[in-house]
Amino acid sequence: NLGIFTSQTKMKAYLADKRIIGPVIFVLIQIIQVVIPIIPGGVSLLGGVVFFGPLAGFIYNYVGVCIGSIINFFLARFYGRPFILHIVSEKTLDKYMKWTKNQNKFNWFFAICIVAPMAPDDVLCLLAGLTDMKFWTYFWIIILGKPWTIAAYSFALMFGMDWLLKIVGK
């Protein structure tokens, strides 16, 4: 047991020692957490910034989240609704299905949600795969929209954590 999952310092040292494989492992973790949401996305976004610094952490977060989002689109497109129901409840899926009746409106709704913090991005990416949205439309929405929310989450979590630690520490 290296203690890397219980100590931020040990995790940082472990990853720093692995200049190439550390970022690759982190990006893979990000991809997996988007496709199979086992860790809250905010936690892994914060991890990128804490372990690799603001710029490199942002880049690794961005690459992993974008790749995971693209995988989600294709999984939904290929396996359809039954696949999505293994990840989200039917109630949640049905809540968003009403937005898909008009493809043009859905494309705009999707783009706005991808840029807006707090939107259920992973569910919407799966939902987009069920629609007639063209892959390149999806691709550009993800590539151009994700940086804003990733930056917002990363910095909010980073500065929020500093603020919380200052309050708790006093």
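**Group meeting: a walk through an all-helix chain**

Hi everyone, let's start with a pair of helices. Helix H2, residues 21-35, and helix H4, residues 54-84, have axes that come within 8 Å and cross at roughly 40°. That angle makes H2 oblique to H4, and the crossing is right-handed. Please keep in mind throughout that this is a predicted model.

Who meets whom between these two? From H2 we have Pro-23, Phe-26, Val-27, Gln-30, Ile-31, Val-34 and Val-35. On the H4 side, the residues in contact include Tyr-60, Val-63, Gly-64, Ile-67, Gly-68, Ile-71 and Leu-75. Sorted by class, the contact of H2 with H4 has twelve nonpolar and six polar residues, and no charged ones.

Let me step back to the chain for a moment. The secondary structure comes to eight helices and zero strands, so if you read along the sequence, you get α-α-α-α-α-α-α-α. Of the 170 residues, 41% are buried. Now take the contacts between residues at least 6 apart in sequence: 70% of those join residues at least 24 apart.

Next up is helix H7, residues 121-130. How many of its ten residues are buried? Eight are, and H7 is mostly covered. The buried ones are Asp-121, Val-123, Leu-124, Cys-125, Leu-126, Leu-127, Ala-128 and Gly-129.

H7 packs against H5, with an angle of about 65° and axes 11 Å apart. This crossing is right-handed. H5 brings Thr-92, Leu-93, Tyr-96 and Met-97 to the contact, and H7 brings Val-123, Leu-124, Leu-127 and Leu-130. Seven of those residues are nonpolar, one is polar and none is charged.

Let's zoom in on Leu-124 in H7. Why does Leu-124 count as buried? Its relative accessibility is 0%, and the cut-off for buried is under 20%. Leaving aside neighbours within four places in sequence, Leu-124 is in contact with Tyr-96, Phe-106, Phe-109, Phe-110, Cys-113 and Ala-119. Also, the C-alpha atoms of Leu-124 and Met-97 are separated by 9.5 Å, with the two residues 27 apart along the chain.

Met-97 comes up again with our next residue, Thr-100. Where is Thr-100 found? You'll find Thr-100 in the loop between helix H5 (90-97) and helix H6 (103-115). A polar atom of the Thr-100 side chain lies 2.6 Å from the backbone oxygen of Met-97. Thr-100 counts as buried because its relative accessibility is 17%. Not counting residues up to four places away in sequence, Thr-100 touches Phe-106, Leu-127 and Thr-131. You may recognise Phe-106 from the contacts of Leu-124, and Leu-127 from the contact of H5 with H7.

My last stop is Asn-107, which lies in helix H6. Is Asn-107 buried or exposed? With a relative accessible area of 17%, Asn-107 is buried. Its side chain makes a polar contact with the side chain of Gln-103, at 2.8 Å. Beyond its neighbours within four places in sequence, Asn-107 is in contact with Met-133, Thr-137 and Ile-141.

To recap for anyone following on the screen: H2 passes H4 in a right-handed crossing, and the crossing of H5 and H7 is right-handed as well. Neither the contact of H2 with H4 nor that of H5 with H7 has charged residues. And Leu-124, Thr-100 and Asn-107 count as buried. Thanks for listening!

Key. Residues numbered from 1 in each chain as written. Predicted model: local features only at pLDDT ≥ 70, side-chain atom pairs only at ≥ 80, totals over all residues. Heavy atoms only, no water. Axes fitted to C-alpha atoms, helices over the stretch in contact; angles between N-to-C directions. Helix = DSSP H or I, 4+ residues; strand = E, 2+ residues; numbered from the N terminus. Parallel < 35°, antiparallel > 145°, perpendicular 65-115°, else oblique. Left-handed = near helix turned anticlockwise from the far one by under 90°. Contact = heavy atoms within 4.5 Å. Nonpolar A, V, L, I, M, F, W, Y, C, P; charged D, E, K, R; others polar. Buried < 20%, exposed > 50% of the residue type's maximum accessible area, 1.4 Å probe, protein only. Polar contact = N/O pair within 3.5 Å; in protein donor to acceptor, adjacent residues only side chain to side chain.
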